[in-house]
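Reader: I am new to this structure and should like the terms used for it explained. Please set each value against its definition before drawing a conclusion.

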Amino acid sequence: IASLLTLGPQAEGAIDVGTASFPQGARFPETGFSVHEQHEVSLLLEGEFVLETLEGTHIVKAGQMIHLLPGEQHAATAVSQARVFYILFGAPVEND
């Protein structure tokens with residue numbers, strides 16, 4: 001995972017832009033789920049992966065885009081060599 005650009009302090013809702021590459025068979029994270037405090041929009045640039053959320057499993061292919069809400073648990077497994085362009089944005093979710 002390579003962060004290409006971060007704009008603004010995290011507390012005020014920074015924008016983080018980057019890319020991530022996954023070899024075939026890799027799962028991220030290796031166990032459990034990943035959770036972000038911001039919106040995530042990802043565009044699959046190449047390959048295919050299985051996206052797991054608490055709502056179910058989805059196949060994502062090159063050219064498709066996903067949107068994950070703040071706090072949405074997710075994990076991805078590369079069906080083939082995969083490369084993703086991602087943007088994290090929006091103010092972090094405040095817990096009451």
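Author: A suitable place to begin is β9, where Leu88 is the bridge partner of Glu40. The model is predicted: local features need pLDDT of at least 70 and side-chain atom pairs count only at pLDDT 80 or more, whereas totals for chains, interfaces and linings use all residues. Residues are numbered from 1 along each chain as its sequence is written, and side-chain values use heavy atoms, with hydrogens and water left out.

Reader: What makes β4 and β9 a pair?

Author: Strands (DSSP runs of E, at least two residues, numbered from the N terminus) are said to pair if DSSP finds at least two bridges between them. β4 and β9 are joined by seven bridges in the antiparallel sense, so the requirement of at least two is met. β2 and β9 also pair in the antiparallel sense, over seven bridges, and Thr19 stands opposite Phe85 in β9. β4, residues 39–46, pairs with β7 as well, antiparallel and over four bridges; there Ser42 stands opposite Ile66.

Reader: Why is Leu51 called buried?

Author: Buried means a relative accessible area under 20%, exposed means over 50%, and partly exposed lies in between (1.4 Å probe, protein chains only). The relative accessible area of Leu51 is 5%, which is under 20%, and therefore Leu51 counts as buried. This residue is found in strand β5. Contact (heavy atoms within 4.5 Å) links Leu51 to Gly56, Thr57, His58, Val60, Ile66, Leu68, His74 and Ala75, not counting residues up to four places away in sequence. Leu51 and Ala75 are 24 residues apart in sequence, yet their C-alpha atoms are 5.9 Å apart in space.

Reader: Which residues form the largest nonpolar core, and what makes a set of residues a core?

Author: A nonpolar core is a set of buried Ala, Val, Leu, Ile, Met, Phe, Trp, Tyr and Cys residues joined through side-chain atoms within 4.5 Å. The largest has 12 residues: Ala20, Phe22, Leu44, Phe49, Leu51, Val60, Ile66, Leu68, Ala76, Ala78, Ala82 and Val84. Two or more of these residues come from each of β2 (15–22), β5 (48–53), β7 (65–68), β8 (74–78) and β9 (82–89). One member, Phe22, is in contact with Phe28, Ala78, Ser80, Gln81, Ala82 and Val84, leaving aside neighbours within four places in sequence.

Reader: How do you know that the side chains alternate along β9?

Author: Ala82, Val84, Tyr86 and Leu88 point to one face and are buried, while Arg83, Phe85, Ile87 and Phe89 point to the other and are not. In β7, the covered face holds Ile66 and Leu68, and the uncovered one Met65 and His67. In a regular strand the side chains alternate between the two faces of the sheet.

Reader: Why is the link between Glu52 and Arg27 called a salt bridge?

Author: A salt bridge is a side-chain nitrogen of Lys or Arg within 4 Å of a carboxyl oxygen of Asp or Glu. The closest N and O atoms of Arg27 and Glu52 are 3.3 Å apart, which is within 4 Å, so the pair qualifies. Glu52 lies in β5 and Arg27 in β3 (residues 27–28), so this pair ties together parts 25 residues apart in sequence. By this rule there are two salt bridges.

Reader: How far apart are the closest N and O atoms of Arg83 and Glu46?

Author: They are 3.4 Å apart, and Arg83 forms a salt bridge with Glu46. Because Arg83 lies in β9 and Glu46 in β4, the pair ties together parts 37 residues apart in sequence. Arg83, at 34% relative accessibility, counts as partly exposed, as does Glu46 at 32%.
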